[in-house]
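Dear colleague,

I am handing over the structure we spoke about, and below it you will find what turned up when I went through the model. Please read the notes with the coordinates open beside them.

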Amino acid sequence: MRKQITQEEESELIDLLADPACQELSRKLLDSFIESQEENQRIGADESDALLKAVFQADKADLIQPSLPRIHFLRRWGWAAASVILLLSVGAYLWNSHKKNTGPATVAAINVDMAPGKDGAILTLADGQQLLLDSLKNGLIASQSGSKLILKDGQLTYDFNGNTSGEIVYNTMSTPKGRQFHVTLPDGTVVYLNAASSITYPTVFNGNERRVKVSGELYFEVAPKSKQPFIVETDNQQVDVLGTSFNINCYADEKTVQTTLLTGAVKVTPRLSSKQGITREGKAESKVLTPGQTAILNKPNDQAGYALTITDTQNPDKITAWKNGLFNFDDADLYSVMRQLERWYNIEVRYTGKPDNIIFKGKIHRNTNLSNVLKLLEMMGINFELKDNTLYVR
């Protein structure tokens with residue numbers, strides 16, 4: 001009978017293999033797995049080193065020697081089980097469990113490499129002035145309607161002085177492709193913005209609600225205020241919150257809007273958008289999420305018949321992987337993976353022919369150059385060509 005490990009033990013092993021201190025041990029696991037593959041699945045030593053570096057990005061100053069209990073921990077199941085979990089969960093290798101034998105993949109033609117995205121955003125003030133946050137130094141950058149805007153170490157904070165009088169004015173923070181950022185709103189709510197995302201919010205939350213408008217993908221840690229609910233609007237839905245943490249993915253180029261609740265409770269209400277930009281509640285009923293659930297809203301093509309479904313979130317870590325510096329490609333198809341790369345590396349993806357819609361597995365650090373990401377994906381039999389700012393997939 002084949003030995004099995006518990007989910008808890010698997011998580012512990014994943015954390016161990018992801019530890020920079022175990023990079024050499026993980027290298028052996030990867031090499032062992034590669035040796036067992038067909039000839040068209042093998043990679044050279046140099047590429048193996050580059051891929052492991054892409055996964056772990058180890059800083060020599062941070063390396064420590066693993067303790068004996070950790071070594072014993074690995075020996076509990078042996079190399080075979082560890083190899084499988086390594087490839088599934090750490091990200092040194094990606095593959096399709098139903099892959100057809102398509103022959104050896106060609107090396108991507110790359111005439112220029114693309115660096116990964118980084119912290120940065122554009123802040124549009126109430127008077128229309130735009131501030132490029134990744135070019136400013138730490139400190140006070142503006143004052144508006146009772147709030148001081150303070151930039152420190154890649155985070156913008158609103159220091160509210162308690163004065164709620166005067167006209168309500170709005171700011172918009174937007175991240176271009178290749179940028180991410182996070183902001184602490186005047187009420188203390190923390191918002192993380194993925195690439196190509198935006199949030200519009202007042203500089204002071206007056207009245208009986210806190211309402212913001214978003215696009216793209218954002219993660220919220222909402223400050224609890226029972227008498228002032230927090231409301232998030234997208235083009236397609238409204239999310240009502242008291243105090244909670246949740247992730248919302250509402251990119252215009254995705255077929256669905258996905259709202260995943262981590263803690264607390266939220267109510268999701270579909271909305272319809274007219275061509276004039278006026279929104280109203282849709283016909284579908286509101287749904288209340290409990291922690292660990294995802295609301296999936298299918299976008300209609302003709303502004304009629306929203307389909308809102310609630311599912312249990314199988315892997316919450318996958319949903320928030322972007323916030324924690326990872327691509328999580330588990331069960332993602334080719335086109336979904338390419339859309340993520342477009343946003344993070346600020347590239348354009350074009351398809352030549354009709355590539356197989358392969359299903360991927362694995363994780364990769366987002367601080368990896370595009371060339372190393374492509375080397376990993378090529379193991380799936382997909383061919384790429386990168387010219388200037390355009391990635392051709394064939």
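The aromatic ring pairs come to eight in this predicted model. One of them joins Phe-220 and Phe-230 in an edge-to-face arrangement, with 5.9 Å from centre to centre and 65° between the planes. This pair links distant parts of the chain, since Phe-220 belongs to strand 12 and Phe-230 to strand 13 (residues 230-233), 10 residues apart. Phe-220 and Phe-230 are both buried, and ring pairs join them with Phe-205 and Phe-246 into a cluster.

Another pair is made by Tyr-335 and Tyr-351, whose rings are tilted, at 4.8 Å from centre to centre and with 55° between the planes. Here too distant parts of the chain are linked, with Tyr-335 in helix 7 and Tyr-351 in strand 23, 16 residues apart. Tyr-335 counts as partly exposed because its relative accessible area is 27%, and Tyr-351, at 32% relative accessibility, is likewise classed as partly exposed.

Phe-220 also leads into the packing of the nonpolar residues. In soluble globular proteins, nonpolar side chains tend to be buried together. The largest nonpolar core in this model has 39 residues, and the members that touch the most others are Met-173, Ile-199 and Phe-220. Strand 12 (residues 210-221) supplies the largest share of this core, namely four residues. Apart from this core lies another, of 28 residues, which includes Val-337, Tyr-345, Val-349 and Ile-382. Which residues does Phe-220 contact, leaving aside its neighbours within four places in sequence? The contacts are with Thr-189, Val-190, Val-191, Ile-199, Val-212, Val-214, Phe-230, Val-232, Thr-244, Ser-245, Phe-246 and Ile-248.

Helix 7 deserves a separate look. This helix runs over residues 334-345, and its 12 residues should span 16 Å at 1.5 Å a residue, a figure that takes one less than the number of residues; the end C-alpha atoms are 16 Å apart, so the expected and modelled spans agree. Helix 7 is mostly covered, with nine of its 12 residues buried. Those buried residues are Leu-334, Ser-336, Val-337, Met-338, Leu-341, Glu-342, Arg-343, Trp-344 and Tyr-345. At the N-terminal end of helix 7, Asp-333 acts as a cap, with a side-chain oxygen 3.2 Å from the backbone nitrogen of Tyr-335.

The loops on either side of helix 7 each hold a residue whose backbone you may wish to inspect. Most residues other than glycine have a negative phi. Asp-331, however, has a positive phi near 65°, and this residue sits in the loop between strand 22 (326-328) and helix 7. With a relative accessibility of 52%, Asp-331 counts as exposed, because the cut-off for that class is over 50%. Just after helix 7, Asn-346 takes a positive phi of about 55°; Asn-346 lies in the loop between helix 7 and strand 23 (348-351), and at 39% relative accessibility counts as partly exposed.

Asp-331 also has a neighbour in space from another part of the chain. Ile-359 and Asp-331 are 28 residues apart in sequence, and their C-alpha atoms are 5.6 Å apart. Ile-359 is placed in the loop between strand 23 and strand 24 (363-365), and its relative accessible area of 36% makes Ile-359 partly exposed.

As for the protein as a whole, there are eight helices and 26 strands, and 45% of the 394 residues count as buried. Among contacts with a separation of 6 or more, 58% are between residues 24 or more positions apart.

Finally, a word on confidence. The protein averages a pLDDT of 75, and 65% of the residues score at least 70. Where does the pLDDT fall below 50? One such stretch is residues 54-108, which has 123 contacts in the model beyond near neighbours in sequence. Another is residues 273-283, where the pLDDT stays under 50 and the model has 19 contacts beyond four places in sequence.

With best regards

Conventions. Residues are numbered from 1 along each chain as its sequence is written. This is a predicted model: local features need pLDDT of at least 70, side-chain atom pairs count only at pLDDT 80 or more; totals for chains, interfaces and linings use all residues. Side-chain values use heavy atoms; hydrogens and water are left out. A nonpolar core is a set of buried Ala, Val, Leu, Ile, Met, Phe, Trp, Tyr and Cys residues joined through side-chain atoms within 4.5 Å. Buried means under 20% relative accessible area, exposed over 50%, partly exposed in between (1.4 Å probe, protein chains only). Helices (H or I, at least four residues) and strands (E, at least two) are DSSP runs, numbered from the N terminus. Contact means heavy atoms within 4.5 Å. A polar contact is a pair of N or O atoms within 3.5 Å; within protein, one must be able to donate a hydrogen and the other to accept it, and residues adjacent in sequence count only if both atoms are side-chain atoms. pLDDT is the predictor's confidence in each residue, from 0 to 100. Rings of Phe, Tyr and Trp (its six-membered ring) pair if their centres lie within 6.5 Å; planes under 30 degrees apart count as stacked, over 60 as edge-to-face and the rest as tilted.
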